[in-house]
Amino acid sequence: MRVIRTAFVFALIFFPYCSIEVLPQGVARPGESFVCAHAQEYRNQGRPAQPVQNQEDDRQTVLYTVAAVILVVWVGIALFLWRLDRKITRLEKNLNEMKK
Amino acid sequence: MTILTRGVIKSFYILMPLAIIMAFLWAPSAAVLGDFSRIIYFHVPLAWVSVLAFLVSGVLSVAYLMDKKKRYRWLDEKSYNSASIGLAFAILTVITGSLWAKLTWGSFWNWDPRETSVVLILLIYIAYFSLRSGLSGNEQRGVIGSSYLILAMIMLPFFVFLAPRIYDSLHPATIINADKRIYLDGRMRMTLLVSVLAFSSLYAYIFHLMNRMLSVKKATEDLHAGD
């Protein structure tokens with residue numbers, strides 16, 4: 001039942017989420033792919049063009065930030081799994097003692 | 001459990017941070033897609049591991065139906081565990097894929113053949129969970145659920161490998177393609193490999209924990225029944 005409930009909640013969130021336009025649409029210029037135009041516009045939205053060195057520094061900062069955030073999320077998941085592992089080990093030991 | 005098996009399962013603790021660091025700080029960005037392409041190191045392994053989990057659930061179901069003397073315990077429930085992990089990974093694949101689709105194709109959902117086939121796979125496995133919960137208390141639950149999982153496993157290659165290649169797809173064929181060449185930079189390929197191994201070990205670890213919880217639950221029930 002829990003799986004069905006989760007799937008239902010997911011469907012409820014996901015399908016409206018598909019129809020919402022959250023990010024701005026990119027417009028490709030002649031000779032430029034849609035992807036490049038979109039990525040550039042998304043990166044620079046509302047800001048004046050920066051020198052190439054500053055853009056590269058910004059890009060590196062964003063990459064480090066994203067990596068740090070994902071590592072923090074991973075630490076949370078790893079801690080949860082490690083604690084769960086310990087709890088199951090303790091339960092297994094208790095069960096073995098009860099059987100003896 | 002042998003030390004080797006334990007090492008493989010717990011390698012998740014080392015492989016996952018390594019994969020994250022490689023994905024963001026070591027691998028180059030793709031030529032056309034830019035830094036958005038880094039989501040490939042999470043999207044593709046999630047998809048592969050979900051297929052692996054569904055295959056494991058199918059194989060365990062075959063073993064359950066063939067094991068007439070019941071030498072192996074709770075195979076149907078282990079296949080259920082594997083299918084539930086596969087479903088969770090498939091949902092994460094859809095979420096990462098739709099984010100990537102928004103950034104590269106301009107829309108979260110495009111009804112691309114591969115997207116459509118993933119929706120069908122999700123529906124098939126959600127139906128399995130409905131079927132199984134509807135049969136609680138039924139003696140034939142294991143047999144019916146396992147038969148369903150085998151049928152789902154037989155259909156899986158069609159949805160994963162054939163359908164997206166029969167029809168024109170927005171998805172690129174960089175790894176499995178007609179040229180039989182991998183169109184990925186060496187560092188990108190290495191990062192993808194490490195990421196696939198990391199997610200596979202995560203799957204193995206969660207599956208192992210779920211099976212241990214199942215054993216504890218069954219042993220407790222046996223103890224109470226004995227009292």
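Here are four short exercises on a predicted model, each with a worked solution.

Residues are numbered from 1 along each chain as its sequence is written, and chains are lettered from A, with ligands numbered from 1, in the order in which they are written. Local features need pLDDT of at least 70 and side-chain atom pairs count only at pLDDT 80 or more, while totals for chains, interfaces and linings use all residues; side-chain values use heavy atoms, with hydrogens and water left out.

**Exercise 1. Judge the confidence in chain A.**

Which helix of chain A has the lowest mean pLDDT, and which the highest?

Step 1. Start with the whole chain: pLDDT is the predictor's confidence in each residue, from 0 to 100. Chain A has a mean of 70, with 48% of its residues at 70 or more.

Step 2. Go to the elements, where helices are DSSP runs of H or I with at least four residues, numbered from the N terminus. Helix α2 (residues 34-44) of chain A has the lowest mean pLDDT, 52, and helix α3 (residues 52-99) of chain A has the highest, 87.

Step 3. Look at residues 19-37 of chain A, where the pLDDT is below 50. Beyond near neighbours in sequence, this stretch has 34 contacts in the model, a contact being heavy atoms within 4.5 Å. A word of caution: where pLDDT is low, the predicted coordinates should not be read in detail.

**Exercise 2. Describe the surroundings of A:D85.**

Which residues of chain B does A:D85 touch?

Step 1. Place the residue: A:D85 is found in helix α3 of chain A.

Step 2. Check its exposure. A:D85 counts as buried because its relative accessibility is 6%; buried means under 20% relative accessible area, exposed over 50%, and partly exposed in between (1.4 Å probe, protein chains only).

Step 3. List the partners. Not counting residues up to four places away in sequence, A:D85 touches B:K10, B:Y205, B:L209 and B:R212.

Step 4. Classify the pairing with B:R212. The two residues form a salt bridge, their closest N and O atoms being 2.8 Å apart; the term requires a side-chain nitrogen of Lys or Arg within 4 Å of a carboxyl oxygen of Asp or Glu. This pair crosses between chains, from helix α3 of chain A to helix α7 of chain B. B:R212 is buried too, at 13% relative accessibility.

Step 5. Widen the view: A:D85, A:E92 and B:R212 are linked in a network of salt bridges.

**Exercise 3. Characterise helix α4 of chain B.**

Step 1. Compare spans. Helix α4 (residues 75-104) of chain B has 30 residues and reaches 42 Å from its first C-alpha to its last, close to the expected 44 Å, which is 1.5 Å times one less than its number of residues.

Step 2. Assess burial. Because 24 of the 30 residues are buried, α4(B) is largely enclosed by the rest of the structure.

Step 3. See what comes afterwards: α4(B) is followed by B:G106, whose phi is positive, near 90°.

**Exercise 4. Trace the salt bridges from helix α4 of chain B.**

Step 1. Take the total: the structure holds 4 salt bridges over all chains.

Step 2. Find B:D76, which pairs with B:R132 at 3.6 Å between the closest N and O atoms. B:D76 lies in helix α4 and B:R132 in helix α5 (residues 113-134) of chain B, so the pair ties together parts that are 56 residues apart in sequence. Both residues are buried.

Step 3. Move to B:E77, whose side chain meets that of B:K218 in a salt bridge (3.0 Å, N to O). This pair links helix α4 of chain B with helix α7 of chain B, 141 residues apart. B:K218 is buried, with a relative accessible area of 15%.

Note on methods
Helices (H or I, at least four residues) and strands (E, at least two) are DSSP runs, numbered from the N terminus.
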